[in-house]
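User: Please take a close look at one residue and its surroundings in this predicted model. I would then welcome a connected account of the local features elsewhere in the chain.

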Amino acid sequence: MSEFEWVLVFLVVLLIVALLAVTVIGVRVLRRLTPGTLPHPSNGDGQRQADEDPEFLAEKERQERSLAALRRAAEEAAAAVDEARAAAAAARTEAAAAKAEASAARAEAQRVLDSTRAEAEAILERAHRQATADAEQARAAARRTAEREVAALTAAAREQAADAERRQQRLDERERLLAEEAERLAERDRRLAAAESELIEREAALAGREAAVAEAEEERRRELERIAGLTAEAAKAELIEMIEAQAKREAVLLARDIEAEARQTADQRARHIIADAIQRVASEQTAESVVSVLHLPSDEMKGRIIGREGRNIRAFESVTGVNLIIDDTPEAVLLSCFDPVRREIGRLTLEKLVLDGRIHPHRIEEVFEVARHEVERLCQRAAEDALVEVGITEIHPELVTLLGRLRYRTSYGQNVLKHLVETAHIAGVMASELGLDPAPVKRCAFLHDIGKALTHEVEGSHAMIGADVARRYGESEDVVHAIEAHHNEVAPQTIEAVLTQAADACSGGRPGARRESLEAYVRRLERIEAIAAGKPGVEKVFAMQAGREVRVMVRPEDVDDIGAAVLARDVAKQIEEELTYPGQIRVTVVRESRVTEIAR
């Protein structure tokens, strides 16, 4: 029931209770007024006594008034009960109407609530999906930002650690050199002090001897003057003996002075020889670049290079392993690759294709082979020119081929072939200054880095690899020893080995000769290619996009589609474990099948 119905019921019950109370009170009053309680009227004495008794009259009047009041109260209660019943009936009617209205309103509210709840659920679902998508995008953006910041901080910390380590090494080396110099100075001071004390003693002894000799000579002269009978031959022999002793003494003094002067000027003379050798050799500065520019006859050629849906540029990058960058630069394209030999082959290939005008995948492969052979001829010619410049004529042809490979090889940004020529010239100048034959010294210095042509094929340091190669192709033991000792892996035992060390240090240590950033970058890209090339079934590997992409060409008969996916995952995982790099590296495995038939 509603709240109004409960109020009406409460009022009805209250009226009924009040009526019952009034009824009970009236019954009690009537019992008091029964004939048994009052004097009987037939009794005359009693009647008179009662009529005459004022208390009785007053009590009677009071009881009558009370009875009348009770009757009125009962009538009022009966009227109130009737009114309450009527009100209750009206209230029940109104309650029934209100209940019907409430039921209708409740049904309408339930319908509106259901529709509102459904709409709210739909809105909440859309809001949840939108919030999930926004949160995922925010997490991805935050993750990328955090990865970039962590990579940048890691690279900065690594560079700072490497810089601190290099500084510490330089400080240690400088401290070691200072300690050695201090020891040499202390030893020199001790020797000088000992020599000085010895000289003082000798001077005192010589002064005594000179005084004794002068006295003896004076006495002998007086004796000779007294003895006039001395023959001429005896006097001549005695005079010659005296002059010979004096000459020997002066010769000893002169030799000691010469030796002391040589010790004092040896360091200065060595510095003069090295400085003169460096000044007489002028060499080029090596540009640190991994990009080549090819000029085009017109901008229309860019569309032909790209090809339909980019097939030509994809075929070019797959065959050559060189990134082809085509932007809004007028009449020019960029070729980017860390390997200078591969970049030069790609440049010649694209140049020949542009001149020919026929650009399609099969033509790209044909021109690539022609360009590769041309670059090999250029390397051979560069090696021969370097030999002519140095003055070496008799050398094994295989060594010439290895030297040609060094035309595009760099070490800390310095071209290795030019470094060999420069080292040979410096060593030859120093040998000439020292009065040695410059030819064998220049040969040792020119061949000292020959092992760098095979460091990617043979395990070990380039000094030991170069020594083995030189010994295999008939070089003398002096040349082999100079090669293996130029980095102190073997203690130098000959003057040629020492001069080779000095010339190598002069060439690599001059200002602007070497930079370490390009070498570290090239080592990282070579390691990426080596990781992928070490997997079974791999035919070719190209590190592209500045090391951000690795394209792995596999043999289709050895690797199926599932194996290609596994290979890509293994290469990516090994790169993550072994290398440190900014950003991310994409590993793409290309499995291509070709069938060729010849129509005769």
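**A residue in helix α13 and its surroundings**

Analyst: I483 lies in helix α13, which spans residues 477-484. With a relative accessible area of 0%, I483 is buried, because the limit for that class is under 20%. Leaving aside neighbours within four places in sequence, the contacts of I483 are L447, H448, A463, G466, A467 and A470. M464 is 19 residues away from I483 along the chain, and the C-alpha atoms of the two are separated by 7.6 Å.

Helix α13 also takes part in a salt bridge: its residue E477 pairs with R471, the closest N and O atoms being 3.8 Å apart. R471 is partly exposed, at 38% relative accessibility. Another network of salt bridges, built through shared partners, joins D356, R358, R363 and E366. Within that network, R358 and D356 form a salt bridge whose closest N and O atoms are 2.8 Å apart. R358 is partly exposed, with a relative accessible area of 47%, and D356 is also partly exposed, at 32%.

A further salt bridge links R202 to E198, with 2.7 Å between the closest N and O atoms. Both belong to helix α3 (residues 54-226), and because they are four residues apart there, about one helical turn separates them. R202 has a relative accessible area of 42% and is partly exposed; E198, at 36%, is partly exposed too. The count of salt bridges comes to 31.

The loop that follows α13 and leads to α14 (495-509) holds N488. This residue is not a glycine, yet its phi is positive, at about 60 degrees. N488 is exposed, with a relative accessible area of 54%. A positive phi, near 55 degrees, is also found at E309, again a residue other than glycine. E309 sits in the loop between α5 (300-306) and α6 (311-320), and it counts as exposed at 72% relative accessibility.

E331 likewise takes a positive phi near 55 degrees, in the hairpin of β2 and β3, where six residues lie between the strands. Strand β2 (residues 323-325) runs antiparallel to β3, and three bridges join the two. Across this pairing, I325 stands opposite L334 of β3. Strand β3 (residues 332-336) is mostly covered, with four of its five residues buried.

Note on methods:
Residues numbered from 1 in each chain as written. Predicted model: local features only at pLDDT ≥ 70, side-chain atom pairs only at ≥ 80, totals over all residues. Heavy atoms only, no water. Buried < 20%, exposed > 50% of the residue type's maximum accessible area, 1.4 Å probe, protein only. Contact = heavy atoms within 4.5 Å. Pairing = 2+ DSSP bridges. Salt bridge = Lys/Arg side-chain N within 4 Å of Asp/Glu carboxyl O.
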